[in-house]
Amino acid sequence: MVSPNQRGQWPGSPQVSGPSPGARIHGMSPGNPSLHSPIPDASHSPRTGSSSGSMPSSMPPPRKLPQRSWAASIPTILTHNALHVLLLPSPTPCLVPGLAGSYLCSPLERFLGSVIMRRHLQRIIQLEPNLSIVNSNELGVIMFKTEVLKCRVALNPKTYQTLQLKVTPENTGPWSQEELQVLEKFFETRVAGPPFKYNTLNAFTKLLGAPTNILRDCVRIMKLELFPDQATQLKWNVQFCLTIPPSAPPIAPPGTIAVVLKSKMLFFVSTGFPMPD
């Protein structure tokens, strides 16, 4: 049997001079050393015993994590129980049960969904002629304004699981504090929350750019949806539909933006009998 060292002597076989390419690669695999995983200190390893734990000279230096303010720059070790809690569907914290909605999702899904909706909102504002971006030095905060309202959108600083809207009138006008709170709650619970629909967010921003008298009328409808118990004299429950419902006339596909503001305004309202307790 011919030894491996004599394989280059076969007729027609390729003749490669010098050592193999693998012999010329020292240390770790090819690539930028800064992309390698951090190398732990050998002196703290339980297998080193009393050795000095010196690192071979051929090893590249450990990767340095970037000095960023975002959370991914700081690794976090999770226990199995903590991971289970992150992925377990649960009610939205810090919300009244009646306002939280019936769609349950996990805390991780609420956080990721809120971050994505915040990114969508920034793009939507740039396309809306009645809205304008306001520069902000706060990290993760979106500031914009209409002709009469100044808006601030950011993650809930206590839970990081919902997007919160803070509305401030630009000048003293007809807005009451109750109306502003209804607008903020409706955004947090019906617009920016589960199931995180882009068209719902887009329709709401169109409403913000509506004339003041029209927007205030819409806020009254939102209040009937959020607090049906306060309208005991009504025989119907009201729901403000920001997207076209499946039961609507076939003027557009279901899920399409249901708010149109031109010479006239078009929107959808769903009514139904109150559910018995």
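Lys185 has a relative accessibility of 30%, so this residue counts as partly exposed. The model in which Lys185 sits is a predicted one. Lys185 forms a salt bridge with Glu188, and the closest N and O atoms of the two are 3.8 Å apart. Glu188, in contrast to a partly exposed residue, is buried, because its relative accessible area is 8% and the limit for buried is under 20%. Both residues belong to helix H3, where they are 3 residues apart, about one turn of the helix. An α-helix has 3.6 residues a turn, so residues three or four places apart point the same way. Side chains of opposite charge can pair when their charged atoms come close.

Helix H3 also takes part in a second salt bridge. Here the side chains of Arg190 and Glu225 meet, with 3.1 Å from N to O. This pair links distant parts of the chain, since Arg190 is in helix H3 and Glu225 is in helix H5, 35 residues apart. Arg190 is partly exposed, at 24% relative accessibility. Glu225 has a relative accessible area of 12% and is buried.

A third salt bridge joins Glu138 and Arg152, whose closest N and O atoms are 2.9 Å apart. Glu138 lies in the loop between strand S1 (132-134) and S2, while Arg152 lies in strand S3, so the pair ties together parts that are 14 residues apart in sequence. Glu138 is partly exposed, with a relative accessible area of 43%. Arg152 is partly exposed too, with 29%. In the whole structure, a search finds 7 salt bridges.

These pairs can now be placed in the overall layout. The protein has 5 helices and 8 strands. Along the sequence they follow the pattern α-α-β-β-β-β-α-α-α-β-β-β-β. The protein has 277 residues, and 29% of them count as buried. Its accessible surface comes to about 19000 Å², and carbon and sulfur atoms account for 58% of that area. If one takes contacts between residues at least 6 apart in sequence, 49% of them join residues at least 24 apart.

The next topic is the interior. The largest nonpolar core has 38 residues, and those with the most contacts inside it are Phe144, Phe187, Phe204, Met222 and Leu242. Several elements each supply at least two residues of this core, among them helix H2 (107-127), strand S3 (149-155), helix H3 (177-191) and helix H5 (212-226). A second, separate core has 5 residues, including Cys241, Ala248, Ala258 and Phe268.

Phe144 shows what such a core residue touches. Beyond residues up to four places away in sequence, its contacts include Leu121, Ile125, Leu131, Val134, Leu149, Val153 and Leu208. One of these, Val153, has its place in strand S3. Val153 is buried, with 0% relative accessibility. Leaving aside neighbours within four places in sequence, Val153 is in contact with residues including Leu121, Gly140, Phe144, Leu165 and Phe187. Val153 and Ile142 are 11 residues apart in sequence, yet their C-alpha atoms are 5.2 Å apart in space.

Helix H4 (residues 198-208) is another part of the interior. Of its 11 residues, 8 are buried, so the helix is largely enclosed by the rest of the structure. The buried ones are Thr200, Leu201, Asn202, Ala203, Phe204, Thr205, Leu207 and Leu208. Thr200 is touched by Thr243, which also touches Asn199, Gly255, Thr256 and Ala258, not counting residues up to four places away in sequence. Thr243 is found in the loop between S5 and strand S6 (260-261). With a relative accessible area of 15%, Thr243 is buried.

A charged residue in helix H2 completes the tour. Which side chain of opposite charge is nearest to Arg110, and how many Å away? The nearest is Glu109, 7.4 Å away, and Arg110 is buried yet has no salt bridge. The cut-off for a salt bridge is 4 Å, so a distance of 7.4 Å does not qualify. Arg110 lies in helix H2. Its side chain does have a polar contact of 2.6 Å with the side chain of Gln161. Apart from residues up to four places away in sequence, Arg110 touches Ser90, Pro91, Thr92, Pro93, Cys105, Gln161, Pro194 and Phe196.

Methods. Residues numbered from 1 in each chain as written. Predicted model: local features only at pLDDT ≥ 70, side-chain atom pairs only at ≥ 80, totals over all residues. Heavy atoms only, no water. Buried < 20%, exposed > 50% of the residue type's maximum accessible area, 1.4 Å probe, protein only. Helix = DSSP H or I, 4+ residues; strand = E, 2+ residues; numbered from the N terminus. Core = buried A, V, L, I, M, F, W, Y, C linked by side-chain atoms within 4.5 Å. Contact = heavy atoms within 4.5 Å. Lys, Arg positive; Asp, Glu negative; His and termini not counted. Polar contact = N/O pair within 3.5 Å; in protein donor to acceptor, adjacent residues only side chain to side chain. Areas by Shrake-Rupley, 256 points an atom, 1.4 Å probe, with all protein chains shown as cover.
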